[in-house]
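This report introduces a structure to a reader who has not met it before. Please keep the sequence and the three-dimensional view at hand while reading.

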Amino acid sequence: MRNNCVFCAIMDGEIPSQKVYEDEKFIIIKDINPKAKLHYLCIPKNHYKLLEQMTEEDLDNIRYIFKKIPELKKELGLENGYRIIINQGDDAIQTVFHLHIHLLGGEKLPV
Ligand code: AMP
Ligand code: ZN
């Protein structure tokens, strides 16, 4: 398993996932343990744990993903709104150390 990482394994097809979108820069899968009616993970193809470890080029990929998310919201069922979360490190209880963007929606979500 590359980088000893479950998301790299998903990218490499070693672990099954419910993939709903893919392009050259990232994939979107359904979270295996959803915390909202709709819970997606946007996963950049390059493996980094934290934003602050990324190269300028990979940060450009994050910008690209943030531009893509609104374009995809309708087909993801998120047209009524959604929450974006990135858990960074221990206090955020990051459990998969491959940076990913959570999208939560499909219902009203109290803070
Ligand atoms: P985080 O706490 O931000 O690191 O969140 C990791 C997320 O990945 C959690 O919401 C898990 O439910 C989810 N997750 C872990 N393994 C898988 C998997 N194999 N397929 C889909 N989602 C996963
Ligand atoms: Zn990885």
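In sequence, the residues that donate to the zinc ion (ligand 2) follow the spacing C-x2-C-x38-H-x50-H. The pair formed by cysteine 8 and histidine 47 links distant parts of the chain, 39 residues apart: cysteine 8 belongs to helix 1 (residues 6–11), and histidine 47 to the loop between strand 3 (38–44) and helix 2 (56–76). Helices (H or I, at least four residues) and strands (E, at least two) are DSSP runs, numbered from the N terminus.

The model is predicted: local features need pLDDT of at least 70, side-chain atom pairs count only at pLDDT 80 or more, and totals for chains, interfaces and linings use all residues. Residues are numbered from 1 along each chain as its sequence is written, chains are lettered from A and ligands numbered from 1 in the order in which they are written, and side-chain values use heavy atoms, with hydrogens and water left out.

## The zinc site

The zinc ion (ligand 2) is held at 2.0 to 2.3 Å by Cys5 (SG), Cys8 (SG), His47 (ND1) and His98 (ND1). Donors here are N, O and S atoms within 2.8 Å of the metal (3.2 Å for Na, K and Ca); water is not among the atoms, so sites may look incomplete. The 4 donor atoms of the zinc ion (ligand 2) make angles of 104 to 118 degrees, and the site is tetrahedral. Four donors count as tetrahedral if all angles lie between 85 and 135 degrees; four count as square planar and six as octahedral if opposite donors are over 155 degrees apart and all others between 65 and 115, and anything else is irregular.

The relative accessible areas of the donor residues are listed below. Buried means under 20% relative accessible area, exposed over 50%, and partly exposed in between (1.4 Å probe, protein chains only).

| Donor residue | Relative accessible area | Class |
|---|---|---|
| Cysteine 5 | 4% | buried |
| Cysteine 8 | 0% | buried |
| Histidine 47 | 29% | partly exposed |
| Histidine 98 | 0% | buried |

Histidine 98 is located in the loop between strand 4 and strand 5. Its C-alpha atom is 17 Å from that of glutamate 22, and the two residues are 76 apart in sequence. How many disulfides does the structure hold? The number is 0, where a disulfide is a pair of cysteine sulfur atoms within 2.5 Å.

## The surroundings of ligand 1

Around ligand 1 there are 17 residues, of which Asp31, Lys35, Thr95, His100 and His102 come nearest. A residue is near a molecule or strand if one of its heavy atoms lies within 4 Å of it.

Several polar atoms of the protein face this ligand. The side chain of aspartate 31 places an N or O atom 2.5 Å from an oxygen atom of ligand 1. The side chain of lysine 35 has an N or O atom 2.9 Å from an oxygen atom of the ligand, and a polar backbone atom of isoleucine 32 is 3.2 Å from a nitrogen atom of ligand 1. Taken alone, ligand 1 exposes 510 Å², and the protein buries 87% of that. Accessible areas come from the Shrake-Rupley method with a 1.4 Å probe; for residues, only the protein chains shown count as cover.

Histidine 39, in strand 3, is buried at a relative accessible area of 5%. Its side chain is joined to that of histidine 102 by a polar contact of 2.8 Å. The side chain of histidine 39 also reaches the backbone nitrogen of lysine 35 at 3.0 Å. A polar contact is a pair of N or O atoms within 3.5 Å; within protein, one must be able to donate a hydrogen and the other to accept it, and residues adjacent in sequence count only if both atoms are side-chain atoms.

## Further residues along the chain

Methionine 1 lies in the segment before helix 1 and is exposed, with a relative accessible area of 56%. Asparagine 3 also has its place in the segment before helix 1; this residue is partly exposed at 46% and has a positive phi of about 60 degrees although it is not a glycine.

Isoleucine 93 has a positive phi of about 55 degrees, although it is not a glycine. Isoleucine 93 sits in the loop between strand 4 (82–85) and strand 5 (101–105) and is exposed, with a relative accessible area of 64%. Isoleucine 69, in helix 2, is buried at 2% relative accessibility.
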